[in-house]
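Colleague: I am new to reading protein models, and I would like to go through this one slowly with you. Could we look at it together, one feature at a time?

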Amino acid sequence: MEENKHPAAPSFFTPKNIAILVGVGVLTVALYLFGSGTLFKASILDLSQVPAFNGTVRPINKTLNWAKLSSQQFADFKSGALNFDNAGDLLVDLPDYDPNGLCNPTSDPASQQALKTFVTAYMGKYTSGTAPACENAGSHVAVDIRGPKLTPVYAVANGMVSKKESGKSNGNVVCVKHPNVPTYKASGATTTYTSCYLHMDSIEPGIEVGTVVTKGQQIGKLGTTGTSTTFHVHFQLDKSDAPFDPYWPFTSAEATAAGLDFFSGVNEGLGKDKGLQFTENPMEWVEENLTFGTTASVGTTDVPLRPSAPVAGDQKKNENIAPPSSSSSSSGGSSSGTPTVPTPPTTPSVPVTPSGDRFTDVPDSHPNQEAIYGLRAKNVLAGNPDGTFKPDDPVNRAAMCKIALLAYNKDQTQEADVSFSDVSQSDWFYKMVRSCVSHGIFKGYADNTYRGGNSIQWPELAVVITRLKDLPEGSCGNPAGEIPPWAEPAAGKICKLMGFSNLPMDAATRAQVAESVWRTLK
């Protein structure tokens with residue numbers, strides 16, 4: 001007897017239905033990522049909205065004076081109790097990033113300050129500021145810059161936010177894409193880099209994927225979120241072909257397979273080749289472009305004077321007179337072949353004793369020592385953390401604004417209602433610039449910029465000083481027709497004041513600015 005056979009129920013899992021389910025699943029994930037994730041957002045950024053590259057700034061511009069911290073203050077720094085908001089005069093300017101000096105530190109205070117600030121060098125090992133920080137000794141693809149909690153963190157160049165996230169490893173992260181920027185150590189070439197800032201305490205309101213940010217705009221505050229052992233910002237620069245941002249050169253599985261943990265993987269150089277392939281030295285690239293496009297003008301015209309040779313750190317946001325730098329633009333002529341101009345003569349004088357120690361590079365025999373120490377005693381000039389004054393370094397427009405206000409006792413509460421596109425409220429000179437404009441000392445450019453990082457050259461300095469002080473008429477030789485028409489009346493007065501036969505055309509140095517201001521005050 002045959003068994004009764006019932007037809008089998010049709011299966012739902014037919015090839016057609018499976019294909020439909022897979023398609024729906026993929027579409028759902030894609031829609032989610034487009035709507036709330038950053039994977040697709042980063043790939044569809046309209047980078048044409050980003051302003052043209054106009055140079056760089058450092059990711060932070062202040063840190064602590066490590067040598068001045070007591071043991072209790074250092075403990076308070078480690079706990080966050082001593083932070084940017086209450087550190088006061090313990091804050092100093094960020095030192096220059098010098099790979100050679102970091103790898104070969106000395107007992108010199110400036111060397112130790114740098115070592116304790118840049119606690120991990122690019123492609124280096126973790127050192128915590130207690131051992132030489134040598135590049136290419138490990139595989140850390142960033143520079144770790146130590147500073148107090150809540151220190152403002154800035155976008156180093158114009159760009160667009162490509163990532164904003166908070167995670168267990170990297171903490172609070174912001175990445176910014178910078179299109180059409182100079183390629184590191186490749187003159188004339190351009191590329192797209194992505195700068196990333198990790199372990200921040202917080203991210204500024206309004207910073208979202210797709211937000212256009214400008215050079216020097218605050219994007220967050222320094223912290224120690226994620227896998228971090230000290231307050232610092234992990235600052236890295238990824239190349240355009242990096243497979244992801246922020247790029248990391250090895251996985252946890254690769255470290256485990258090599259018998260290493262995360263930290264020992266870095267110290268052993270795991271993935272170094274890939275790190276070098278997909279990232280650049282971030283601090284060297286930034287410092288290479290601090291003076292990008294520098295020209296000099298008083299703002300009454302946009303015709304540039306012949307620029308002096310670029311000086312490392314010239315655009316540094318420095319609350320002293322000019323950034324400490326091993327480079328200089330001396331008073332003895334320029335690299336462009338102009339005739340040598342002697343240092344301005346000084347009248348014989350008794351050395352002025354300043355409050356505190358004397359500058360190590362301004363002895364009593366220095367021709368401008370009276371002016372330098374005289375203005376220091378008036379709290380117009382300040383030195384550098386290493387005890388130097390750097391008399392041959394140039395002065396930029398932002399610093400000259402500060403000197404003018406302090407030397408001539410201008411009311412700094414008087415501010416013009418102006419807004420320059422390259423001056424933000426986070427800049428240390430923001431209010432000073434508004435005061436200088438209000439007092440008629442400086443003017444902006446036709447493109448609504450102030451260009452605070454531009455070195456001030458002698459024709460511009462002449463105009464600024466004669467705006468501040470009524471000086472006797474004089475004349476200057478102008479054999480090559482180099483003095484621009486807008487500076488000719490002021491140039492004659494400065495030549496008489498300084499004893500020049502011909503007006504120098506170089507960037508004015510710190511010593512020269514001090515001398516010219518001091519003579520008007522006398």
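The questions and answers that follow concern a predicted model.

Colleague: How are helix H11 and helix H15 oriented, roughly parallel or roughly antiparallel?
Modeller: Helix H11 covers residues 397-407 and helix H15 covers residues 510-521, and their axes lie 12 Å apart at an angle of about 20 degrees. Angles under 35 degrees count as roughly parallel, and therefore the orientation of H11 relative to H15 is roughly parallel.

Colleague: By class, which residues make up the contact of H11 with H15?
Modeller: On the side of H11 we find Met400, Ile403 and Ala407, and these meet Val513, Val517 and Leu521 of H15. Sorted by class, the contact of H11 with H15 has no polar and no charged residues, and what it does have is 6 nonpolar residues.

Colleague: And what is the handedness of the crossing of H11 and H15?
Modeller: Handedness is decided by the way in which the near helix is turned from the far one, and a clockwise turn by less than a right angle counts as right-handed. For H11 and H15, the crossing is right-handed.

Colleague: How many residues apart in sequence are the parts that Glu287 and Arg58 tie together?
Modeller: Side chains of opposite charge can pair when their charged atoms come close. Here the side chains of Glu287 and Arg58 meet in a salt bridge, with a distance of 3.2 Å from N to O, and both residues are buried. Glu287 belongs to helix H9 (residues 282-288), whereas Arg58 sits in the loop between helix H2 (39-43) and strand E1 (62-64), so the parts that the pair ties together are 229 residues apart in sequence.

Colleague: In the salt bridge of Lys493 and Glu473, is Glu473 buried or exposed?
Modeller: The side chains of Lys493 and Glu473 meet at 3.6 Å, N to O, and the pair links helix H14 (residues 488-498), which holds Lys493, to the loop between helix H13 (458-468) and H14, which holds Glu473. Lys493 has a relative accessible area of 17% and is buried. Glu473 has a relative accessible area of 59%, and because values over 50% count as exposed, Glu473 is exposed.

Colleague: What separation along helix H15 do Glu515 and Arg519 have?
Modeller: Glu515 forms a salt bridge with Arg519, in which the closest N and O atoms are 2.8 Å apart, and Glu515 counts as buried at 4% relative accessibility. The two residues are 4 residues apart in helix H15, so their separation is about one helical turn.

Colleague: Which residue is joined to Asp245 by a cis peptide bond?
Modeller: The bond in question has an omega of about -10 degrees and is a cis peptide bond. The partner of Asp245 lies in the loop between strand E12 (232-238) and helix H6 (252-257), and this partner is Pro246.

Colleague: Where is Ser128, whose phi is positive although it is not a glycine?
Modeller: Ser128 has a phi of about 60 degrees, and it is partly exposed, with a relative accessible area of 47%. Its place in the chain is the loop between strand E3 (118-120) and strand E4 (142-146).

Colleague: What is the phi of Asn136 near?
Modeller: Asn136 lies in the loop between E3 and E4, and with a relative accessible area of 42% it is partly exposed. Asn136 is a residue other than glycine, yet its phi is positive, near 65 degrees.

Conventions: Residues numbered from 1 in each chain as written. Predicted model: local features only at pLDDT ≥ 70, side-chain atom pairs only at ≥ 80, totals over all residues. Heavy atoms only, no water. Axes fitted to C-alpha atoms, helices over the stretch in contact; angles between N-to-C directions. Parallel < 35°, antiparallel > 145°, perpendicular 65-115°, else oblique. Contact = heavy atoms within 4.5 Å. Nonpolar A, V, L, I, M, F, W, Y, C, P; charged D, E, K, R; others polar. Salt bridge = Lys/Arg side-chain N within 4 Å of Asp/Glu carboxyl O. Buried < 20%, exposed > 50% of the residue type's maximum accessible area, 1.4 Å probe, protein only.
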